[in-house]
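Me: I'd like a close look at one part of this model, and then how the rest fits around it. Here's what I have on screen.

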Amino acid sequence: MDLFVAFRDQANRLFRNDGATFTDVTRASGIGDPRRTVGVVWFDMDTDGDLDALVANQNGDEDGFYRNDGGRFTDVAPALGMHQPGRDAEYGSVGPAVTDYDNDGDLDIFIASYGPDVLWQNQGNGTFREVGRGTALGGDYHSTTAAFGDYDNDGWEDLFVASYLADQAEVPDHVFRNVGGIFADVTPRAVLDRGASHGVMWADYDGDGDLDLALANNNARGTHVLYRNDLPATVAARALAVQVLDADGRHTRAGSEVRLVDAATGRMLGARLVDSGGGYCSHGTTPVHFGLLTGVGRVHVRVTVFGPRGRRDLEVRDVDPARIPRHTLEVRAPR
């Protein structure tokens, strides 16, 4: 794995992993954004076989979207209309999160922000449309980080958004339930009383099939809370997690994509991104998680991995989620 480092006080840097050492390829690659960056997410936005980088910039700076053209990067955010120009100095982007929120098979982007939060819907042709404005998602919550997770296993990715103010221990966070692609604020009282400031992670810690929630609050009076998800056992079991590893069983395949297809009907059930991050200033290796719609039985699992020859598609057919131990399927990318 290579290493990208975002900075708020100098240009970002990219280090290429050459086996035993790392080489600074920032200048040669053109990805050294000098603006005040606090978040980044990597995925193949144009499906050309390499990973591109959306850079979230603060203090009124415009965002960047660096298209990877064989190891040379070009900021295409202005051309795509995704740079968010004209923001005042107190506004800016903080934490991007990527998933397929509308279950059409491509990856969309949510950006937690100081100022109105943003939802970029992938149009399937290398362009994106902002669809959060005027909805519950588009509020000005002074957000720091967000994490998608289908907490009710209904087949639609829900969203947790954390908020932060330096002088308050508990700034109201938000839980948005995804109802067929439309988000509704369903924040429970417990989260308002004991929420996050920066750290958010959905994970099935007890292996029962549903996603539990860990929150970190760095205020002196904040707490690190773990909320156990107590869905009924029959609902919790309607899930499949997919862990993508390399041929040696290592977590080196960040940027891979996982899609689920109903084996009986051929219907696309959604896509997920294998991410190396999980919240603000954190990293993780949790598997991607799919809640399963009622009526879905066996599924085909399609995994796209990336290498020197571009995209490589793998498929595990006729998977019965009910027969997978701890609801987690392991897929290893070949050498």
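In the hairpin of strand 6 and strand 7, which residue takes a positive phi?

Reply: That's Gly 70, with a positive phi near 70 degrees. Bear in mind that this is a predicted model. The hairpin has two residues between the strands, and Gly 70 sits in the hairpin of strand 6 and strand 7.

Let's start with the two arms. Strand 6 covers residues 64–69 and strand 7 covers residues 72–75; they run antiparallel, and four bridges join them. Asp 69 has Arg 72 of strand 7 as its bridge partner. Arg 67 is likewise bridged to strand 7, with Thr 74 as its partner.

Strand 6 also pairs with strand 5, residues 52–57, again antiparallel, through three bridges. In that pairing Ala 53 stands opposite Tyr 66 in strand 6. The hairpin of strand 5 and strand 6 has six residues between the strands, and there Asn 59 takes a positive phi near 55 degrees. So much for the hairpins.

Back towards the N terminus, there's an open sheet of three strands, ordered 1-2-3 with antiparallel pairing. Strand 1 (3–5) and strand 3 (22–24) are the edges: each has a single partner strand, so one side of each is left without a neighbour in the sheet. From one strand to the next, the twist averages 25 degrees. Strand 2 (residues 13–17) is joined to strand 3 by three bridges, and Asn 17 stands opposite Phe 22 of strand 3.

Now for the packing. The largest nonpolar core has 23 residues, and those with the most contacts inside it include Leu 240, Val 258, Val 299 and Val 303. Several strands supply at least two residues of this core each, among them strand 19 (239–245), strand 20 (257–262) and strand 24 (310–319). Strand 23 gives the largest share, four residues.

Val 299 is a good one to click on. Leaving aside residues up to four places away in sequence, Val 299 touches Leu 240, Leu 260, Val 261, Ala 263 and Leu 269, as well as Val 316, Arg 317, Asp 318, Val 319 and Pro 321. Apart from the largest core lies another one, of 17 residues, including Phe 43, Met 45, Val 98 and Leu 107. In soluble globular proteins, nonpolar side chains tend to be buried together.

Notes. Residues are numbered from 1 along each chain as its sequence is written. This is a predicted model: local features need pLDDT of at least 70, side-chain atom pairs count only at pLDDT 80 or more; totals for chains, interfaces and linings use all residues. Side-chain values use heavy atoms; hydrogens and water are left out. Two strands pair if DSSP finds at least two bridges between them. Axes are lines fitted to C-alpha atoms, for helices over the stretch in contact, and angles run from 0 to 180 degrees between N-to-C directions. A nonpolar core is a set of buried Ala, Val, Leu, Ile, Met, Phe, Trp, Tyr and Cys residues joined through side-chain atoms within 4.5 Å. Buried means under 20% relative accessible area, exposed over 50%, partly exposed in between (1.4 Å probe, protein chains only). Contact means heavy atoms within 4.5 Å.
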